[in-house]
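Reader: Could you walk me through how the chains in this assembly are arranged and how they touch?
Author: Gladly; have a look at the assembly, and then we can take the pairs in turn.

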4 protein chains.
Amino acid sequence: MVIIMQREATPEQIQAVIEAVEESGFRAFVNPGVERKVIALLGAMDAEKVSLADRFTSMPGVERVAPISEPYKLASRQTHPDDTIVKIGRVRVGGPSLTIIAGPCSVESREQTLEVAHAVKSAGANLLRGGAFKPRTSPYAFQGLGRQALEILAQAREETGLAVVTEAVDPHDLPVVMRYADVIQIGARNMQNFRLLQRVGQCGKPVVLKRGPGCRIQDLLMAAEYIMLEGNRQVILCERGITTFEDSTRYTTDISAVPVLKRLSHLPVILDPSHSSGDWRYVTPLAKAAVAAGADGLMIEVHSNPPAALSDGPQSLEPPKFAQLMREVAKVARAVGRRMPGRRPAQ
Amino acid sequence: MVIIMQREATPEQIQAVIEAVEESGFRAFVNPGVERKVIALLGAMDAEKVSLADRFTSMPGVERVAPISEPYKLASRQTHPDDTIVKIGRVRVGGPSLTIIAGPCSVESREQTLEVAHAVKSAGANLLRGGAFKPRTSPYAFQGLGRQALEILAQAREETGLAVVTEAVDPHDLPVVMRYADVIQIGARNMQNFRLLQRVGQCGKPVVLKRGPGCRIQDLLMAAEYIMLEGNRQVILCERGITTFEDSTRYTTDISAVPVLKRLSHLPVILDPSHSSGDWRYVTPLAKAAVAAGADGLMIEVHSNPPAALSDGPQSLEPPKFAQLMREVAKVARAVGRRMPGRRPAQ
Amino acid sequence: MVIIMQREATPEQIQAVIEAVEESGFRAFVNPGVERKVIALLGAMDAEKVSLADRFTSMPGVERVAPISEPYKLASRQTHPDDTIVKIGRVRVGGPSLTIIAGPCSVESREQTLEVAHAVKSAGANLLRGGAFKPRTSPYAFQGLGRQALEILAQAREETGLAVVTEAVDPHDLPVVMRYADVIQIGARNMQNFRLLQRVGQCGKPVVLKRGPGCRIQDLLMAAEYIMLEGNRQVILCERGITTFEDSTRYTTDISAVPVLKRLSHLPVILDPSHSSGDWRYVTPLAKAAVAAGADGLMIEVHSNPPAALSDGPQSLEPPKFAQLMREVAKVARAVGRRMPGRRPAQ
Amino acid sequence: MVIIMQREATPEQIQAVIEAVEESGFRAFVNPGVERKVIALLGAMDAEKVSLADRFTSMPGVERVAPISEPYKLASRQTHPDDTIVKIGRVRVGGPSLTIIAGPCSVESREQTLEVAHAVKSAGANLLRGGAFKPRTSPYAFQGLGRQALEILAQAREETGLAVVTEAVDPHDLPVVMRYADVIQIGARNMQNFRLLQRVGQCGKPVVLKRGPGCRIQDLLMAAEYIMLEGNRQVILCERGITTFEDSTRYTTDISAVPVLKRLSHLPVILDPSHSSGDWRYVTPLAKAAVAAGADGLMIEVHSNPPAALSDGPQSLEPPKFAQLMREVAKVARAVGRRMPGRRPAQ
């Protein structure tokens, strides 16, 4: 059992709960380093549990009491049966319209970024992606233009009207990323960087949370729980491939993650076929598969000149191919009762 | 380099080639146990390769000479750019119409099988599946009714007009399975039972070859090559899930296998979402995803009373849910330019 | 619940049990194609289970009644707390002495095989391996010399006194393999070729059962159960690597399989570091690790001229390196209280 | 090609190199956020490469020029053929003596920690582990006592003389962790938290870098490269299990990682069988296997009362079992020519 305190609980209220827990014959542990205090009861738990829960629930400063057997709570559809709709300006992620996030893997230059931004806008994307801080496996690989990239993205937003999704890789960079970004992305390699999750949970901006390639679906939901427990419920889950023995694609796209996550959680689910396949030739079929399986959106890498890209060239689509993808996805979307971004419902 | 002999090459012709190989300074090895003899050249191979190939190609009894660096040849789209269409009665697998194979995991009784056969027929399936010989992980699990099941399937075919797909698990059973089945299924656990592949390659019936859960896409194509090398080109490839660390589904559906296989091979590709997910709740979204990704068909388990099924109950759909799946898949099929079975092209 | 009949149960006895099962309100299913009949009770099972078990146990022809919840029984240490010692001539697999099976991947010629056989004998191996029938991923790869290889192996046995382990890939070949081999190997790709397992279960020879690369430890024990249920308890389990995302070795050696199998089962456990790593440079460290972890033996590929090997050259050790491996393994063996083959216990 | 600048290179020197790169017809990119600047040359690279490398190498402020085709350089044995010995007080990691790091998963209380510290010291461990900041999959799980734990660990060091290994989970906490810890641990979930790696690379303390469970060996070496490129060569690599389909252990211990890492890199390699197995019953066999395979040390979880542990109880050994492990490991160490910690070489 855990006792989740209110954000504004006073130290005295927390202390009172701790004492009550210990009077009940348990050891109390309070998680350090978390904005919202969670008091865990440690020791043998038995049938008297229910009455204890009642007792703690009524104490001042307590938000709620939850059995520890549930691995995630705030992210669970059981506690929130309706779909969560994440709002980003006029974009609604998780509703009847699909969300298409597109743009270059990395912001490489002003010209490249603006060109791609206009191209994806005119093809129908409704959010712009672009990496400013890039977590790269190799320290010798291009690591992003940093703050300069953020300024370029802001200009692209101004010119196109597309809200901007970009990654934060460090709590330290978060303030500057927040100043420019509309949506904070947590990359796959940081999915279990719990401090970063907590900070992003306090930032008040919508979050795209990418699944770590070695992480189970349950781990992804636990990572979302870290963010939500800090008060941020605007979390978009993103499948982007898992590590398996199959080597014909860079990762294995876990397409089942789409219906599994939609069943277990109320949060919107998108899929990134560019990273999951690592091969532009498979991006369009996987995008169509994701929408057919019930995904709420897609994240697609687009580059004007993939062979010259500083990162992820082989998986990037050129603008005309992206426009073709959008036309094909639109047909599948209609077949499963979804609309493309910006389309009004048929009258 | 390998020299593939004609099926009707005489022992003398084979011997002459072996001698020519050894005169050229190589060791010759002839694969035993294969109908069609393949003579492998062993030893250092260098620039003179091309001229040697010419020499052997022109010898009596030689069908063709292939560099051994190509891992599969007959299954490759490079050697056969057009899609192969597998013909089963009036059914065409791999053409514009989807192929829907549906039925119970196991044939358990005449009533159950006929009931399901009529149900899937009326919902629009065009092939009937049903296990007579079941390879089961546990020796204590129900292993199929054997020959009795084959007779029941034959009756179901007669009543519904649906051709029958059923598994052969042993070269020894193949003659009796052949007598009843229209399509021979090689199950996932037998994908690398190379003797069985060779025998099925000689049987003259279309084959559904299921991917082993621990096997790479390349291994699947090599298994197809075993069948095709014996003269049987009527092979349908079936993705049915791979083993990974993810535990929310029984296997991980490798949806990328669909576009990867369609690019590498000319053979038709279907997907079995019942086995890949192990959970009926995910069968319909995965079926739609497969069709959106370009699959030529689906294999779906249907049971009138899943909780009482002798095998695979949790992943079986009841007939009304299967009919609903068919309606949903039909919309996706239309979105990707495919027809449902038995539908005429729009005029 | 399953009712396992005695091997010599008469059709009348079986029929009587079936009728008793059905009178009890269950459906009875008898596994076809199995020498020893197993009658499964199908239907809702509740508290009356215990009394029913008693009733069936006492019927003529019944060997024992087992709850179906146990996935494997004969292979379980719960039903057989003492270690099983598999006897092959004077060799005892599973006792205080280690068993070292060594030899070429494939029998390629008489000279090569005899040379390697003498070399591994003089280095201290106590069983000779050599492939006669090779299951190869590619149909163009060398598939073994077949019967000729078996004769060469027999000669090697005669000259060295080493008993011979060789693979059977097909029930059809089993009689000829049996005539020459002392131990039948079931290869990784055939671990779930259940018909072959059943036939080998009836053959009366010790079996080395290799784990399939995509199969869980529990699946391996179920495969052993298939063999044991046919009456053959002389099963040696062999870990040889599993498929994972790691690509610096051919497979990932699941070293934990050794203590896990020793805890769950009474059967002897050996490890094949040649196949699991696919790289001779890692064979010796892995061999030592296996013995340190409690393995009862090793299977090692040795070739006089690895670069010219017709199969698995890169993972084969030359005889001097094998002799060095034996010296190093001997030290580890002593450290964990085991003896090398043929060594007498210290007085 | 990348140009690695000296740590003390001036902005003017960096600018001069950038200009020289661009004059050569390439685009220059400088990694932001890295102490030591690395200038990457982007554009088509051909035969003139060698002469260019010479030109840049001789420029002021340039440390060295490396072809980008090598994925890791500083961590590679090619660039550093001798074994690196990491020095922690009088402890030498990577030399003839094994390093045994033992202690509780988490510091839970002063009494528990001191008791375990004395126990592992008297059993022969030479470094103390204990978690102060715990990255936990669930936000509801015990997350460590934080700074209070660090103080307890410092007291344990004072009482036992054992240097302390503890994890840093956030660049922000690093200064406080550094104040107390002798060795900084980077946990598996943070292996690709590249900012944290860079900060730890600047901290001047030895580092234990744990492999992420979904990361390849090459990725681990790239993560080490991030640390080393900042000037910290005192990196100890730790295998702690990878995610696979096998479910009888929590992770699959990749024992091959030991010889593979020893071959590819000069850095010391240790193994953590407690986390890799998740089951105390397998810890001792795996510890022995690791030493037999060539590991330079072990990291073992010890708890006085595992069932009451706040984290990882099932995988923790009680002190008497740990002492038994040490006795058994000592025999294996001797068999492979290694000494236990603190033992003098035999005279």
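Author: One definition before the first pair: copies are superposed by least squares on the C-alpha atoms of residues with pLDDT of at least 70 in both. That wording fits the case, as this is a predicted model.

Reader: OK, so what turn and what shift lay chain A on chain B?
Author: A turn of 180 degrees with a shift of 0.0 Å along the axis lays chain A on chain B, and the RMSD is 0.1 Å. The two copies are thus related as by a two-fold rotation axis. Within chain A, A289(A) has the C-alpha nearest the axis, at 2.0 Å from it.

Reader: And how many residues does each chain bring to that contact?
Author: Chain A gives 34 residues and chain B gives 34 residues. On the side of chain A that touches chain B, at least two residues each come from α8 (257-264), α10 (283-292) and α11 (319-335) of chain A, and the largest share, six residues, is supplied by α10(A). Sorted by class, that side of chain A has 17 nonpolar, eight polar and nine charged residues.

Reader: Why do you say the copies meet through the same surface?
Author: Because 100% of the interface residues of chain A are also interface residues in chain B, the copies meet through the same surface.

Reader: Let's stay with α10 for a moment: at what angle do α10(A) and α10(B) pack?
Author: The angle between α10(A) and helix α10 (residues 283-292) of chain B is about 155 degrees, and their axes are 7 Å apart. Angles over 145 degrees count as roughly antiparallel, and α10(A) and α10(B) are therefore roughly antiparallel to each other. The crossing in which α10(A) passes α10(B) is right-handed.

Reader: Which residues make the contact there?
Author: From α10(A) they are K288(A), A289(A), V291(A) and A292(A), and from α10(B) they are K288(B), A289(B), V291(B) and A292(B). By class, this contact of α10(A) with α10(B) has six nonpolar residues, two charged residues and no polar ones. A289(A), one of the contact residues, is also the residue whose C-alpha is nearest the axis in chain A.

Reader: Switching pairs, how many residues of chain B are in contact with chain C?
Author: For that pair, 41 residues of chain B are in contact with 41 residues of chain C. The elements of chain B that give two or more residues to the side touching chain C are β3 (38-42), α6 (194-201) and α7 (217-229), and α7(B) provides the largest share, five residues. The side of chain B that touches chain C divides by class into 22 nonpolar, 14 polar and five charged residues.

Reader: What rotation superposes chain B on chain C?
Author: Chain B is superposed on chain C by a rotation of 180 degrees with 0.0 Å of shift along its axis, at an RMSD of 0.1 Å. G214(B) is the residue of chain B that comes closest to the rotation axis, with its C-alpha at 2.0 Å. In this pair, 100% of the interface residues of chain B are also interface residues in chain C, so the copies meet through the same surface.

Reader: Now inside a single chain: how do α6(D) and α7(D) cross?
Author: In chain D, the axes of helix α6 (residues 194-201) and helix α7 (residues 217-229) come within 7 Å and cross at roughly 40 degrees. α6(D) and α7(D) are therefore oblique to each other, and α6(D) passes α7(D) in a right-handed crossing. The contact involves F194(D), L197(D), Q198(D), V200(D) and G201(D) of α6(D), together with A223(D), Y226(D), I227(D), M228(D) and L229(D) of α7(D). Its residues divide into eight nonpolar, two polar and no charged.

Reader: And in chain C, how far apart are the axes of α10(C) and α11(C)?
Author: The axes of helix α10 (residues 280-292) of chain C and helix α11 (residues 319-335) of chain C are 9 Å apart, and the helices pack at an angle of about 25 degrees. That makes α10(C) roughly parallel to α11(C).

Reader: Last one, on domains: how is chain A divided?
Author: Chain A is divided into domain 1 (2-69) and domain 2 (78-335), and the C-alpha centres of these two domains of chain A lie 37 Å apart.

Terms used:
Residues are numbered from 1 along each chain as its sequence is written. Chains are lettered from A and ligands numbered from 1 in the order in which they are written. This is a predicted model: local features need pLDDT of at least 70, side-chain atom pairs count only at pLDDT 80 or more; totals for chains, interfaces and linings use all residues. Two residues are in contact if their C-beta atoms, placed from the backbone, lie within 7 Å. Helices (H or I, at least four residues) and strands (E, at least two) are DSSP runs, numbered from the N terminus. Ala, Val, Leu, Ile, Met, Phe, Trp, Tyr, Cys and Pro count as nonpolar, Asp, Glu, Lys and Arg as charged, and the others, Gly among them, as polar. Domain bounds come from an automatic or database domain assignment. Axes are lines fitted to C-alpha atoms, for helices over the stretch in contact, and angles run from 0 to 180 degrees between N-to-C directions. Angles under 35 degrees count as roughly parallel, over 145 as roughly antiparallel, 65 to 115 as roughly perpendicular and the rest as oblique. A crossing is left-handed if the near helix is turned anticlockwise from the far one by less than a right angle, and right-handed if clockwise.
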